[in-house]
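Welcome! Here is a short briefing to read alongside the sequence and the 3D view. Take a moment to look at both before going on.

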Amino acid sequence: MAHAHRLATPRGPELRFTFDGQPVTAFAGETLAAALLAAGVPAFGTTRLDAPRLPFCNMGTCFDCAVCVDGRPLVRACLTDVREGMTVTRQEAPK
């Protein structure tokens with residue numbers, strides 16, 4: 001007999017923010033990294049060699065998930081909770 005899988009914790013209310021000008025729907029209690037990955041964002045930024053950057057450690061030590069939030073650079077998406085209306089953009093490495 002098949003059993004339905006349940007989330008251990010119910011999701012919070014829906015929140016909306018933008019990433020590079022595009023609307024993203026997330027849930028209260030999620031990190032930016034989780035919300036952006038769930039939305040299918042292919043890269044959070046680029047390296048100096050234009051390689052895509054995505055979360056690597058998911059615990060705040062590597063900075064590979066760094067994004068700009070409301071104009072503030074180098075915000076670690078894996079440690080930052082989603083807030084309604086925040087403006088998030090890619091973190092581009094200096095060339």
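Let's begin with charge: the chain carries 10 positive and 9 negative charges, and the mean positions of the two groups lie 4 Å apart. Please keep in mind that this is a predicted model. The topics below go from the overall layout to the core and then to the cysteines.

**Overall layout**

- The chain is built from one helix and seven strands.
- If you walk along the sequence, you meet these elements in the pattern β-β-α-β-β-β-β-β.
- Along its principal axes, the C-alpha trace spans about 55 × 30 × 20 Å.
- Counting contacts with a separation of 6 or more, 40% are between residues 24 or more positions apart.

**Surface and burial**

- The chain has 95 residues, and 35% of them count as buried.
- Its accessible surface is about 6,200 Å², and carbon and sulfur atoms make up 58% of that.

**The nonpolar core**

- In soluble globular proteins, nonpolar side chains tend to be buried together.
- Here, the largest nonpolar core contains 20 residues.
- Which residues have the most contacts inside this core? They are Phe-17, Leu-32, Phe-44, Val-67, Val-82 and Val-88.
- Two or more core residues come from each of β1 (14-19), β2 (22-27), α1 (32-38) and β5 (66-69).
- The helix α1 gives the most to this core, namely four residues.
- Val-82 is a good residue to click on: leaving aside residues up to four places away in sequence, Val-82 touches Leu-15, Phe-17, Ala-26, Glu-30, Thr-31, Leu-32 and Ala-35.

**The cysteines**

- How many disulfides does a search of the whole structure find? The search finds zero.
- Why is Cys-62 not bonded to Cys-57? The sulfur of Cys-57 is the closest cysteine sulfur to that of Cys-62, but at 3.6 Å it is too far for a bond, because a disulfide needs the two sulfur atoms within 2.5 Å.
- Cys-65 is in no disulfide either, and its nearest cysteine sulfur, in Cys-78, is 3.7 Å away.
- Is Cys-65 buried or exposed? Cys-65 has a relative accessibility of 2%, so it counts as buried.
- Cys-62, by comparison, has a relative accessible area of 25% and is therefore partly exposed, since buried means under 20% and exposed means over 50%.

Conventions. Residues numbered from 1 in each chain as written. Predicted model: local features only at pLDDT ≥ 70, side-chain atom pairs only at ≥ 80, totals over all residues. Heavy atoms only, no water. Buried < 20%, exposed > 50% of the residue type's maximum accessible area, 1.4 Å probe, protein only. Contact = heavy atoms within 4.5 Å. Areas by Shrake-Rupley, 256 points an atom, 1.4 Å probe, with all protein chains shown as cover. Lys, Arg positive; Asp, Glu negative; His and termini not counted. Charge placed at Lys NZ, Arg CZ, Asp CG, Glu CD. Core = buried A, V, L, I, M, F, W, Y, C linked by side-chain atoms within 4.5 Å.
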